[in-house]
Amino acid sequence: MTLQLRVYVPPHPLIKHWLAVARDAATPSVLFRSAMTELGRWLTYEAAREWLPTEETTVQTPLATCAATLINPQIPVAVVPILRAGLGLLEGAQTLLPLASIYHLGLMRDEATLEPMCYLNKLPEKFNPETRVLITDPMLATGGSIMATMAELVHRGVDPSLTRIVCVVAAPAALQKLSAAYPGLIIYSACIDEGLNEHGFIVPGLGDAGDRIFGT
Ligand code: PRP
């Protein structure tokens with residue numbers, strides 16, 4: 001079987017609603033943050049399908065014994081927010097993944113070269129190869145930041161097929177790079193946008209998510 005990058009754009013009214021709120025240039029910072037939290041929540045909910053490890057067991061109800069499925073706490077789950085903007089999606093993701101370890105990765109695009117520069121790396125030296133990793137970043141633009149993140153993770157033992165990316169807007173340039181390098185990867189995005197402008201910003205996009213989240 002040939003592996004292919006899969007990008008899911010869940011056709012959900014709550015995801016569409018909060019995407020519209022986030023896109024609107026008139027949305028103030030406080031509401032933009034809410035939109036990111038909600039998108040983080042609902043996209044993580046979708047991404048958890050066939051990703052979050054479960055175990056089969058039995059439970060005793062007040063009336064009978066019955067088969068049951070629980071989240072398997074033995075298999076590690078990690079969330080990697082790409083700072084700063086990935087923090088906006090983290091809160092919603094964390095409500096669904098309360099046991100996940102959070103490993104912050106600080107990347108900043110150089111405005112001139114568009115290359116990502118790493119200013120904070122809290123990733124462990126080595127991941128358990130079974131770790132389920134969820135990366136959060138609202139924007140995949142040129143793909144430089146997400147490719148640098150994937151390279152760091154794989155170098156530390158992460159299996160790309162056990163990795164999910166949660167983003168809000170994805171540009172074709174980033175998806176092409178990910179597809180070529182990590183064909184087994186699965187992405188959950190609120191939308192795939194048309195492309196990039198001459199400054200490397202996603203069009204129509206939602207502006208600079210980091211600045212809008214933090215009011216800078
Ligand atoms: C934005 C965004 C991504 C990156 C996408 O972050 O949150 O991390 O740019 O661009 P790329 O695909 O071309 O690498 P930015 O560097 O503006 O930092 P911030 O989150 O601190 O605002």
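Q: How far is the sulfur of Cys167 from the closest cysteine sulfur, and in which residue does that neighbour lie?

A: A disulfide is a covalent bond between the sulfur atoms of two cysteines, and here a pair counts when the sulfur atoms lie within 2.5 Å. The closest cysteine sulfur to that of Cys167 belongs to Cys191 and is 9.7 Å away, which is too far for a bond. Bear in mind that this is a predicted model, in which local features need pLDDT of at least 70 and side-chain atom pairs pLDDT 80 or more, whereas totals for chains, interfaces and linings use all residues. Residues are numbered from 1 along each chain as its sequence is written, and side-chain values use heavy atoms, without hydrogens and water.

Q: How many disulfides does the structure hold, and are Cys167 and Cys66 buried or exposed?

A: The structure holds 0 disulfides. For burial, one reads the relative accessible area (buried under 20%, exposed over 50%, partly exposed in between, with a 1.4 Å probe and protein chains only). Cys167 is buried, its relative accessible area being 0%, whereas Cys66 reaches 33% and therefore counts as partly exposed.

Q: How should I read the surroundings of the ligand, and which residues are the closest to the ligand?

A: A residue is taken as near when one of its heavy atoms lies within 4 Å. By that reading 16 residues surround the ligand, and the closest are Arg84, Arg109, Asp137, Thr142 and Ser145. Of these, Thr142 sits in the loop between β9 (139-140) and α4 (144-155), and its relative accessibility of 13% makes it buried. In space, the C-alpha of Thr142 is 20 Å from that of Leu87, a residue 55 positions away in sequence.

Q: Which polar backbone atom and which side-chain N or O atom lie by oxygen atoms of the ligand?

A: A polar contact to the ligand is a pair of N or O atoms within 3.5 Å. A polar backbone atom of Ala85 is 3.0 Å from a ligand oxygen, and Ala141 places a backbone N or O atom 2.8 Å from an oxygen of the ligand. From a side chain, an N or O atom of Asp208 is 3.5 Å from a ligand oxygen. The ligand taken alone exposes 490 Å², of which the protein buries 94%, the areas coming from the Shrake-Rupley method with a 1.4 Å probe.

Q: How many salt bridges does the structure hold, and what separates the partners Arg41 and Glu38 in helix α2?

A: A salt bridge is a Lys or Arg side-chain nitrogen within 4 Å of an Asp or Glu carboxyl oxygen. The structure holds 5 of them, including the one in which the side chains of Arg41 and Glu38 meet at 3.0 Å, N to O. These two lie 3 residues apart in helix α2 (residues 29-47), so about one helical turn separates them, and Glu38 is buried at 18% relative accessible area.

Another of the bridges pairs Glu46 with Arg49, with 3.2 Å between the closest N and O atoms. Within that pair, Glu46 is buried at 12%, whereas Arg49 counts as partly exposed at 45%.

Q: Which parts of the chain does the salt bridge between Arg84 and Asp211 link?

A: The side chains of Arg84 and Asp211 meet at 3.0 Å, N to O. This pair links distant parts of the chain, 127 residues apart, with Arg84 in the loop between β4 (77-83) and α3 (86-96) and Asp211 in helix α6 (residues 209-214). Helices (H or I, at least four residues) and strands (E, at least two) are DSSP runs, numbered from the N terminus. Both partners are partly exposed, Arg84 at 33% and Asp211 at 27%.

Q: Where should I look for cis peptide bonds, and what omega do they have?

A: The peptide bond from Leu83 to Arg84 is cis, with omega near -5°, which places this feature beside the same Arg84 that meets Asp211 in a salt bridge. The bond from Val203 to Pro204 is also cis, its omega being near 0°, and Pro204 is found in the loop between β13 (202-203) and α6.

Q: What phi do Glu50 and Leu114 have?

A: Neither residue is a glycine, yet Glu50 has a positive phi of about 55° and Leu114 one of about 65°. Glu50 is located in the loop between α2 and β2 (54-60) and is exposed, with a relative accessible area of 81%. Leu114, for its part, lies in the loop between β6 and β7.

Definitions and conventions. A polar contact is a pair of N or O atoms within 3.5 Å; within protein, one must be able to donate a hydrogen and the other to accept it, and residues adjacent in sequence count only if both atoms are side-chain atoms.
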